Amino acid sequence: MNSRKQARAVRLGPRSLAALVLVSAVGVVGFGWPFLTPPGSRLSAHAQDAPWLFAGLLVLLVAVVAAAISESGLGPKAVAMLGVLAATGAALRPIGAGTAGLEPMFFLMVLSGRVLGPGFGFVLGSVTMFASALLTGGVGPWMPFQMLAMGWFAMGAGLLPGPDRLRGRAELVMLAAYGFLAAFVYGTVMNMAGWPFMSALASNVAFDPQAAVATNLARFLAYCLATSLGWDLGRAVVTVVLTLLVGPAVLRALRRATRRAAFETPVTFEAPGQ
């Protein structure tokens with residue numbers, strides 16, 4: 001078994017960790033505010049406006065996190081790899097757009113986060129969704145929520161156990177299981193971002209700002225089952241299949257590129273003629 005310590009493209013320092021915690025806390029509130037506010041509150045009364053408010057706030061916070069992580073060690077080599085992987089992910093996403101949630105980019109986010117670490121994974125997930133939105137014209141109030149959710153998705157893969165020792169079939173099974181579960185979690189949290197936009201008068205599964213939390217929770221579960229279960233299942237199955245089929249080759253390629261890049265070795269420049 002290979003126990004060689006895996007290099008990380010980004011080493012999270014105290015400042016970047018604090019920024020991640022802050023944006024994650026605000027993100028949790030931004031996604032879950034319909035279940036955190038009492039019925040009839042001022043925020044609930046502005047159910048159509050609140051997602052826009054949180055979207056604007058998340059854009060600023062994600063930018064702050066990216067800047068903090070960059071300052072903690074996102075060097076030129078890591079930036080180059082970030083660009084390649086983000087472009088690849090953004091190009092993969094439209095392949096399955098509109099086809100039962102068949103989104104092949106998710107497996108790449110899992111494997112990249114696993115190899116390159118949670119800090120790089122968060123930045124990669126956020127940048128990939130931003131690039132994908134520009135590529136497909138999917139810019140809207142949902143985009144910052146997608147950036148944050150995908151950042152969490154890729155970061156979670158980097159936090160899985162055994163990054164230096166676990167290899168082979170056991171690692172693939174773990175990554176496939178994580179991808180399967182995280183695909184459903186991603187779909188659920190994104191439902192929470194869009195659900196308050198529905199008018200309570202339009203459907204009996206829409207968010208009702210005057211209803212109790214238990215009632216809205218039941219409505220939300222019904223909304224997920226009726227609108228996104230098939231998409232989430234398709235995303236999860238594709239992630240598992242691609243992870244098991246091409247995961248070994250992609251993991252080897254990423255680890256080889258990481259070793260050759262030697263992220264933790266400072267870049268030096270020599271003057272001409274030396």
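Q: Which word, buried or exposed, fits Asp232 and Arg235?
A: Buried, for Asp232 and for Arg235 alike. This is a predicted model, and the word means that a residue has under 20% relative accessible area.

Q: What makes Asp232 and Arg235 a salt bridge?
A: The closest N and O atoms of Asp232 and Arg235 are 2.8 Å apart. The cut-off is a side-chain nitrogen of Lys or Arg within 4 Å of a carboxyl oxygen of Asp or Glu, so the pair qualifies. Both residues lie in helix α10, three residues apart, which is about one turn of the helix. That fits the usual helix geometry: with 3.6 residues a turn, residues three or four places apart point the same way.

Q: What makes Arg235 and Glu103 a salt bridge?
A: Again it comes down to the N to O distance, 2.9 Å for these two side chains. The limit is 4 Å, so this pair counts too. This pair links distant parts of the chain, with Arg235 in helix α10 and Glu103 in the loop between α4 and α5, 132 residues apart. Glu103 is buried, and so is Arg235.

Q: Why are Glu103, Asp232 and Arg235 called one network?
A: Their salt bridges share partners, and that joins Glu103, Asp232 and Arg235. Arg235 pairs with Asp232 and with Glu103.

Q: How many salt bridges does the structure hold?
A: Four. One of them is Arg255 with Glu171, where the side chains meet at 2.6 Å, N to O. Arg255 sits in helix α10 and Glu171 in helix α8, so this bridge ties together parts that are 84 residues apart in sequence. Both Arg255 and Glu171 are buried.

Q: How do you know that the length of α4 agrees with its residue count?
A: Helix α4 covers residues 76-92, which makes 17 residues, and at 1.5 Å a residue it should span 24 Å. The expected span uses one less than the number of residues. The end C-alpha atoms are 24 Å apart, so the two values agree.

Q: What makes the buried residues of α4 line one face?
A: The buried ones are Ala78, Met81, Leu82, Leu85, Ala86, Gly89 and Ala90. Looking down the axis of α4, they fall within an arc of 160°, so they line one face of the helix. On the other side, Pro76 and Val84 are exposed, and exposed means over 50% relative accessible area.

Q: Why is α5 called largely enclosed?
A: Because 12 of its 12 residues are buried, the rest of the structure largely encloses α5. Among them are Phe106, Phe107, Arg114 and Leu116. The length works out as well: residues 105-116 should span 16 Å, and the end C-alpha atoms are 16 Å apart. Right after α5 comes Gly117, with a positive phi near 100°.

Q: How do you know that Ser112 is buried?
A: Ser112 has a relative accessible area of 0%. The cut-off is under 20%, so Ser112 is buried. Ser112 is found in helix α5, and leaving aside residues up to four places away in sequence, it touches Leu85, Gly117, Leu124 and Leu254.

Q: Why is Val241 called partly exposed?
A: The relative accessible area of Val241 is 39%. Buried needs under 20% and exposed over 50%, so Val241 ends up in between. Its place is in helix α10.

Q: What makes the nonpolar surface patch?
A: Phe180, Leu181, Leu233, Val237, Val241, Leu245 and Val246 make it, covering about 600 Å². A patch residue needs over 30% relative accessible area, so Val241 at 39% clears that bar. Helices α8 (169-194) and α10 (229-261) each supply at least two of the residues, with the largest share, five residues, coming from α10.

Q: What makes up the secondary structure of the protein?
A: There are 10 helices and zero strands.

Q: How much of the protein counts as buried?
A: Of its 274 residues, 49% count as buried. The accessible surface comes to about 12900 Å², and 70% of that belongs to carbon and sulfur atoms. As for contacts between residues at least 6 apart in sequence, 81% join residues at least 24 apart.

Notes. Residues are numbered from 1 along each chain as its sequence is written. This is a predicted model: local features need pLDDT of at least 70, side-chain atom pairs count only at pLDDT 80 or more; totals for chains, interfaces and linings use all residues. Side-chain values use heavy atoms; hydrogens and water are left out. Helices (H or I, at least four residues) and strands (E, at least two) are DSSP runs, numbered from the N terminus. Buried means under 20% relative accessible area, exposed over 50%, partly exposed in between (1.4 Å probe, protein chains only). The arc is that of the directions from the helix axis to the C-beta atoms. Patches are made of residues with over 30% relative accessible area and no salt bridge: like charges are joined within 9 Å, nonpolar side chains (Val, Leu, Ile, Met, Phe, Trp, Tyr) within 5 Å. Accessible areas come from the Shrake-Rupley method with a 1.4 Å probe; for residues, only the protein chains shown count as cover. Contact means heavy atoms within 4.5 Å.
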